[in-house]
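Subject: Structure for your review

Dear colleague,

Please find below the structure that I am handing over to you, shown together with its sequence. My findings follow directly beneath it.

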Amino acid sequence: MPVVTETFEYGGGRQVTAYVPAATPEAVVFAGDGQLISQWGEFLNAADDVPPTLLVATHRLDDEMERLHEYSPGFELERFAAHEKFFVEDVRSWVYSRFDVALPVARTAVFGVSASAELALAIGLRHPDIYGAIFCASPGGGYQPPGDMGSTLPRAYFVGGTEEEWFLENAARWADALRDAKADVVLTERAGSHGDDFWRRELPLMAAWAFA
């Protein structure tokens, strides 16, 4: 089956859903907001210029504030760290054991939208030895660029919509900060607003940029 869901012990039972391409995966994208993003695997793999890509997405909490506190280190650092361990260690170990997929940094990305875009930024910056690219769509403002970005940085692709000015400004702020730190950055501004279809259409473009 192309979609596989597993329940982990973390948080009293947290689900992770993976979309498995028909061909052997040549790239892997990890994400939050699994109830939403895992559904985009078929759309992602239908793009002509995207290699077979395993899309692995951890499910989010229903409460928006609780979700944000797991996804952003700007609120409760201990809580973020617990979710970070689950995301970086437990989920990656499952991907290796369940699907026999352990791809190099250059073929591994972390993706998020809105609040989970903050998660993608935080995880990518804290683990550049694992994630070679950050895909960041319409980032929220709870996590701001740190003063010291470090010497090793993932590549980063940002997108924001012309009808979501606040989120577009957040994307531009991050893009500027990463460029100043000498990272490879793309910032795309598109006609659109904060929503699923806007983000879904951008994901194959992000993957083609990173993996083609």
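Helices α3 and α4 lie roughly perpendicular to each other. Please note that this is a predicted model, and every value in this message was computed from it.

**Packing of α3, α4 and α5**

Helix α3 covers residues 64-71 and helix α4 residues 77-99. Their axes are 7 Å apart, and the two helices pack at an angle of about 75 degrees. Because angles of 65 to 115 degrees count as roughly perpendicular, the pair falls in that class. On the α3 side, the residues in contact are Glu66, His69, Glu70 and Tyr71, and they meet Arg79, Phe80 and His83 of α4. By character, this contact is made up of three charged, two polar and two nonpolar residues.

Helix α4 also packs against α5, with axes that come within 11 Å and cross at roughly 75 degrees. α4 is therefore roughly perpendicular to α5. From α4, the residues Leu77, Phe80, His83, Glu84, Phe87 and Val88 take part, and from α5 they are met by Leu119, Ala122, Ile123 and Arg126. Here the residues divide into seven nonpolar, two charged and one polar.

**Two buried histidines**

His83 is listed in the contact of α4 with α3 and also in the contact of α4 with α5. Is His83 buried or exposed? Its relative accessibility is 0%, so His83 counts as buried. Leaving aside residues up to four places away in sequence, His83 touches Tyr10, Arg14, Thr58, Glu70, Tyr71 and Leu119. Asp33 is 50 residues from His83 along the chain, and the C-alpha atoms of the two are separated by 13 Å.

His59 is located in the loop between β4 (53-58) and α3. With a relative accessible area of 11%, His59 is buried, since the cut-off for that class is under 20%. With residues up to four places away again left out, the residues that His59 touches are Arg14, Gln15, Val16, Thr17, Gly34, Gln35 and Tyr71. Val16 is 43 residues from His59 along the chain, yet their C-alpha atoms are separated by 5.7 Å. Arg14 and Tyr71 appear among the residues touched by His83 and among those touched by His59.

**Helices α6 and α7**

Helix α6 (residues 165-180) contains 16 residues and reaches 22 Å from its first C-alpha to its last, close to the expected 22 Å. Its buried residues are Phe167, Leu168, Asn170, Ala171, Trp174, Ala175, Ala177 and Leu178. An α-helix has 3.6 residues a turn, so residues three or four places apart point the same way. The elements that cover the buried residues of α6 include α5 (115-126), β7 (155-161) and β8 (185-190).

Helix α7 likewise has 16 residues, and it reaches 23 Å from its first C-alpha to its last, close to the 22 Å expected. In α7, the buried residues are Phe198, Trp199, Glu202, Leu203, Pro204, Met206, Ala207, Ala208, Ala210 and Phe211. Which residues does Glu202 touch, not counting residues up to four places away in sequence? They are Tyr157, Val159, Thr188 and Arg190. The relative accessible area of Glu202 is 2%.

**Two residues with positive phi**

Ser138 is not a glycine, although its phi is positive, about 50 degrees. Ser138 sits in the loop between β6 (133-137) and β7, and at 0% relative accessibility it counts as buried.

Lys182 is not a glycine either, and its phi is positive at about 75 degrees. Lys182 follows α6 and belongs to the loop between α6 and β8. In contrast to Ser138, which is buried, Lys182 counts as exposed, with 73% relative accessibility.

**The protein as a whole**

The protein contains seven helices and eight strands. Its radius of gyration is 16 Å, close to the 17 Å that the globule rule gives for 212 residues, so the protein is as compact as a globular protein of that length. The C-alpha trace spans about 40 × 40 × 35 Å along its principal axes. Of the 212 residues, 56% are buried. Among contacts with a separation of 6 or more, 70% join residues 24 or more positions apart.

With kind regards

How values were computed. Residues numbered from 1 in each chain as written. Predicted model: local features only at pLDDT ≥ 70, side-chain atom pairs only at ≥ 80, totals over all residues. Heavy atoms only, no water. Helix = DSSP H or I, 4+ residues; strand = E, 2+ residues; numbered from the N terminus. Expected span 1.5 Å × (residues − 1). Buried < 20%, exposed > 50% of the residue type's maximum accessible area, 1.4 Å probe, protein only. Contact = heavy atoms within 4.5 Å. Axes fitted to C-alpha atoms, helices over the stretch in contact; angles between N-to-C directions. Parallel < 35°, antiparallel > 145°, perpendicular 65-115°, else oblique. Nonpolar A, V, L, I, M, F, W, Y, C, P; charged D, E, K, R; others polar. Rg over C-alpha atoms; globule rule 2.2 N^0.38 Å.
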